[in-house]
Amino acid sequence: MTYIGLSLTLLFVLIPFLLSKALHLQLEKDITIATVRAIVQLFAIGYVLTFVFEAESMVYIVLMVTLMIVVATLNARKKGLWIHGITWKLALAIIAVEVITQGVLLGFQIVPATAQYIIPISGMMIGNAMVLSILFLNRFKAEIDARQDEIELILSLGGTPKQAIHRQLTDAIKASMIPTIESQKTIGLVQLPGMMSGQIIGGADPLQAVQFQLLIIFALLTSAAVSSTILGYTSYKTLFTKHMQLYKA
Amino acid sequence: MSHTITFKDVCFTKNDRPILQKISGTFAAKRITTLVGPSGAGKTTLLKLCNGLLTATAGDIVIGTQSISTIPPTTLRQKVGMALQAAPMINGTVYDNLCLPKKLHNDNLSEQEALRFLEDVHLPASLLHQQARDLSGGQRQRVSIARTLVNAPPILLLDEITSALDHTASLEIEQLITQLNTKYGVTIIWITHNLEQALHVGHDTWVMIDGQLIEAGPSSLLENPQQHATKQFLAGGIR
């Protein structure tokens with residue numbers, strides 16, 4: 001694609017901008033900021049990736065992945081400030097996802113251990129773990145708020161905090177996994193996934209692109225399950241006092 | 001072990017606001033003590049302190065001769081049962097709800113045992129496999145009491161369990177609680193807004209206002225209060 005062609009795609013930004021103005025949606029500022037940020041951030045990462053790919057050094061790969069984990073953790077923690085020590089719990093969940101997925105992919109030599117594979121796949125796994133962690137935290141809080149009576153009932157009958165919050169915990173884990181499972185069911189029928197489309201547009205063999213896409217969606221399932229489970233089971237205890245009372249009660 | 005509950009200078013503060021102030025007194029064993037007072041007097045807080053759903057910020061609560069601070073929370077809550085105002089039910093049938101206390105302690109409740117508990121609270125056996133969400137308010141409250149009784153608690157705390165019920169259902173619950181007290185010798189502390197109920201169901205009554213215990217004694221004190229604040233409350237001056 002030429003830079004002129006890319007510039008013309010700004011028409012896709014102009015349309016919502018004009019619609020926002022006409023309908024008084026007051027989104028013009030947000031659209032402008034989002035567009036500028038997308039351009040700057042993506043070009044910046046493009047140059048960084050070019051440098052890392054050419055350097056062929058594991059140190060840069062580790063630095064890059066660490067940066068992704070830190071940014072993802074700090075972004076998601078805002079939704080979980082009601083949980084004591086949320087930053088470390090999130091970091092643990094996201095690191096676990098990264099270690100498991102890269103462990104399988106590199107350990108079984110499913111993909112080569114090069115920056116070209118490790119960084120994009122890490123980005124997808126870490127990004128997905130971040131989004132699902134936020135989804136989990138929102139749902140977990142909503143479940144606790146809505147069913148505080150039930151938690152108190154189980155505690156009042158002599159149940160432990162784990163028993164008292166079990167339903168809210170599993171419902172939140174389930175809720176954060178469902179979107180991944182559902183999107184997997186319709187993949188290829190309703191929409192072609194972004195990564196696969198990108199590969200095909202880039203000239204790759206469609207069947208090769210499908211293989212990589214399958215690799216990614218299977219790994220995303222692990223990401224969904226592992227991130228919310230680790231986050232849930234490391235978090236619930238901090239919601240109770242040492243006397244087994246719900247902090248909010 | 002005697003199942004008296006003794007409060008010794010108990011205070012409870014939340015967000016720097018005193019909810020209970022230096023409460024001292026004894027709930028006698030095997031008797032029904034009604035707890036009355038205006039909204040916000042700290043009655044529910046006092047009840048929750050008794051079974052460890054809250055912890056006193058000062059003072060001590062003693063059951064028999066043992067301070068509750070030395071009893072593990074799960075053990076304490078089995079001994080001191082509590083029926084909550086909203087009578088929350090877990091998803092599932094009445095039987096699932098009755099099994100809950102046993103399941104929490106890795107035990108089982110047979111259908112025969114469950115039916116006995118239903119009988120205790122005067123509910124028909126046909127309700128056992130009915131969905132709990134389909135129960136009427138009165139039935140829910142009875143199932144809630146039966147579920148609390150599954151742990152065989154020697155002390156039972158009741159938090160306004162008849163406030164959402166009509167007069168007939170309310171009377172039936174009163175009879176039921178009186179029978180439980182007589183039949184099993186359960187020590188009962190019952191929060192009620194119904195002064196008539198407090199008088200004829202309670203052996204003893206505590207009057208609480210603004211986090212303080214104003215007056216305590218035989219329930220007849222409601223007919224002949226000694227304290228000015230109690231008189232004002234009973235006359236409807238304090239709500």
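**Exercise 1.** In this predicted model, determine how many bridges join strand E9 of chain B to E10(B), and in which direction the two strands run relative to each other.

*Solution.* Begin with strand E9, which covers residues 204–209 of chain B, and follow its pairing with E10(B): six bridges join the two strands, and they run antiparallel. As an example of this pairing, take Asp204(B), whose bridge partner in E10(B) is Pro218(B).

**Exercise 2.** Place these strands in their sheet in chain B, and find which strands form its edges.

*Solution.* First, write down the order of the six strands, E6-E7-E8-E3-E9-E10, which make up an open sheet with mixed pairing. Next, look for strands that pair on one side only: these are strand E6 (80–83) and strand E10 (212–218) of chain B, the edge strands. From one strand to the next, the twist averages 15 degrees. Finally, locate helix H6 (residues 167–184) of chain B, which packs on the sheet and touches strands E3 (32–36), E7 (155–159) and E8 (187–191) of that chain, with its direction at about 155 degrees to that of E8(B).

**Exercise 3.** Describe how helices H4 and H6 of chain A pack, and work out how they are oriented relative to each other.

*Solution.* Start from the geometry: H4(A), residues 58–77, and H6(A), residues 115–146, pack at an angle of about 15 degrees, with their axes 10 Å apart. Angles under 35 degrees count as roughly parallel, and the two helices are therefore roughly parallel to each other. The crossing in which H4(A) passes H6(A) is right-handed. Turning to the contact itself, residues of H4(A) including Met58(A), Ile61(A) and Asn75(A) meet residues of H6(A), among them Ser122(A), Gly123(A) and Leu137(A). Sorted by type, the residues of this contact comprise 15 nonpolar, three polar and no charged.

Technical notes
Residues numbered from 1 in each chain as written. Chains lettered and ligands numbered in written order. Predicted model: local features only at pLDDT ≥ 70, side-chain atom pairs only at ≥ 80, totals over all residues. Heavy atoms only, no water. Pairing = 2+ DSSP bridges. Helix = DSSP H or I, 4+ residues; strand = E, 2+ residues; numbered from the N terminus. Axes fitted to C-alpha atoms, helices over the stretch in contact; angles between N-to-C directions. Contact = heavy atoms within 4.5 Å. Parallel < 35°, antiparallel > 145°, perpendicular 65-115°, else oblique. Left-handed = near helix turned anticlockwise from the far one by under 90°. Nonpolar A, V, L, I, M, F, W, Y, C, P; charged D, E, K, R; others polar.
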